[in-house]
Amino acid sequence: MRGIGGALLVGGLLVTLVPADGPGDAAGDGRAAADGLPHTTVEVSPSGCGRGWAHPRPGTQVFELHNTSDTAAEVYLKSPRNGAVYGEVEGISPGTTRRLRVRLGQGTYAFMCLPDDADAVTGPTVRIDGGGPAGPAAAPLTQHDLIPPALDYQKWVGRGLDDLVGRTATLRDAVARGDLAGARNAWLPAHLAYERLGAAYGTFGDADQQINGTGAGLPKGDRDPAFTGFHRIEYGLWHGQSAATLRAPAAALVASVRRLRDDWAQARMDPADLGLRAHEILENTLEFELTGRTDYGSGSNLATARANLDGTRAVLSRLRPLLVTRYPGLRQLEAELDRTQRLLDGFRRGGRWTSPARLDRARRERVDAALGDLVERLASVATLCDARRTV
């Protein structure tokens with residue numbers, strides 16, 4: 001995720017650089033500082049954007065971005081030719097200096113200053129002759145670019161909710177007729193149908209807690225009346241509760257899912273959230289599924305992880321046209337998604353999934369490493385798809 005700092009492609013991955021406050025370790029005239037790199041102080045203001053970069057040079061270097069204006073601003077170092085961004089720093093407060101570390105090569109560059117609540121200003125173009133290749137750059141995405149994939153994804157979620165309604169009704173009906181074995185068989189397909197919609201959870205709001213919440217944080221935990229949804233039913237089905245006890249929770253689940261489906265037709269996802277969701281789906285998988293924190297008896301966390309992988313692909317498939325020319329690591333990301341899918345599929349035998357609690361150390365480490373690697377790669381997607389101002 002992108003916070004205050006500079007964003008660069010390093011080793012094919014977009015990462016966030018968190019600059020320090022203060023004037024830096026050098027006088028800002030290009031002399032080498034304690035880090036061994038040349039530092040140059042550059043002004044950030046509507047009237048003097050980019051002022052101070054008088055001696056351009058190739059190679060890795062640090063810009064001390066000093067905001068001399070009376071309003072906060074963000075700054076891009078970009079190519080005047082095609083608008084590609086080599087680095088950025090957000091949230092530079094008035095009177096504050098923040099650092100941007102970049103690698104520059106032969107070409108032309110310019111700083112763009114974007115004050116809060118004011119038009120963007122582009123500073124003078126600077127030419128660098130000679131030197132090695134510049135660090136990777138990516139053309140910024142705007143809110144307008146992200147609207148079509150967000151709308152397409154929202155339609156896909158709507159179709160998934162229709163399927164979810166049917167699957168939760170099957171679960172409810174099994175509980176209603178006292179068929180607990182049938183209910184256990186129906187629970188996982190219904191739950192996975194919901195988990196595949198993971199990128200939309202930020203828009204689901206309170207409905208997500210009703211449908212997929214846990215007992216964590218509730219006064220009586222797993223026995224609290226506010227504990228509802230899939231995991232409440234899971235707890236009952238795998239802890240010997242009667243059908244009579246589970247009829248009300250099952251009916252409430254169907255009602256919650258139907259409300260969500262009906263409300264979804266009027267919902268509007270923020271297009272700027274799409275890339276972030278691609279990252280957060282598997283981040284949550286690491287935190288909740290691989291740790292077993294959401295296991296209420298079914299031992300199906302690896303199945304949920306596999307469904308979350310499908311949800312991640314659903315987002316990426318819609319963002320792919322925007323990422324092909326911006327993310328050099330896209331092919332490797334897709335290859336790692338395939339590898340992780342094969343790894344997770346290997347834990348399903350005869351229709352049953354291995355519980356994470358039954359994994360030996362070697363297999364657990366492989367799963368953790370595979371998901372952790374994907375989360376790091378998807379952080380680049382989140383950064384690239386963070387909508388940026390261009391005017």
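Me: How do the axes of helix 7 and helix 8 cross?
Reply: In this predicted model, the axes of helix 7 and helix 8 (residues 301-323) come within 9 Å and cross at roughly 170°. Axes are lines fitted to C-alpha atoms, for helices over the stretch in contact, and angles run from 0 to 180 degrees between N-to-C directions. Helices (H or I, at least four residues) and strands (E, at least two) are DSSP runs, numbered from the N terminus.

Me: Roughly parallel or antiparallel, then?
Reply: Helix 7 and helix 8 are therefore roughly antiparallel. Angles under 35 degrees count as roughly parallel, over 145 as roughly antiparallel, 65 to 115 as roughly perpendicular and the rest as oblique.

Me: Which residues meet there?
Reply: Leu-274, Ala-278, Ile-281 and Phe-288 are among those in helix 7, and helix 8 brings residues including Ala-305, Leu-309, Val-315 and Leu-319. Contact means heavy atoms within 4.5 Å. The residues of this contact divide into nine nonpolar, seven polar and one charged. Here Ala, Val, Leu, Ile, Met, Phe, Trp, Tyr, Cys and Pro count as nonpolar, Asp, Glu, Lys and Arg as charged, and the others, Gly among them, as polar.

Me: And helix 7 with helix 10, how do they cross?
Reply: The axes of helix 7 (residues 274-289) and helix 10 (residues 361-384) come within 8 Å, crossing at roughly 160°. Helix 7 and helix 10 are therefore roughly antiparallel. Their crossing is left-handed, meaning the near helix is turned anticlockwise from the far one by less than a right angle (right-handed if clockwise).

Me: Who makes that contact?
Reply: Helix 7 contributes residues including His-279, Leu-282 and Leu-286, and helix 10 residues including Leu-371, Val-375 and Leu-378. By class, the contact of helix 7 with helix 10 has eleven nonpolar, four polar and two charged residues.

Me: New topic. How many disulfides?
Reply: The count comes to one disulfide, a disulfide being a pair of cysteine sulfur atoms within 2.5 Å. Cys-49 and Cys-113 form it, with their sulfur atoms 2.1 Å apart.

Me: Where do the two cysteines sit?
Reply: Cys-49 is in the loop between strand 4 (38-44) and strand 5 (59-67), and Cys-113 is in strand 9 (residues 107-115). They are 64 residues apart, so the pair links distant parts of the chain.

Me: Left-handed or right-handed?
Reply: The torsion about the S-S bond of Cys-49 and Cys-113 is about 90°, so the disulfide is right-handed.

Me: What are the domains?
Reply: The domain assignment gives domain 1 (39-137) and domain 2 (144-385); such bounds come from an automatic or database assignment. Their centres, taken over C-alpha atoms, are 41 Å apart.

Me: What does the model count?
Reply: Local features need pLDDT of at least 70, side-chain atom pairs count only at pLDDT 80 or more, and totals for chains, interfaces and linings use all residues. Residues are numbered from 1 along each chain as its sequence is written, and side-chain values use heavy atoms, with hydrogens and water left out.
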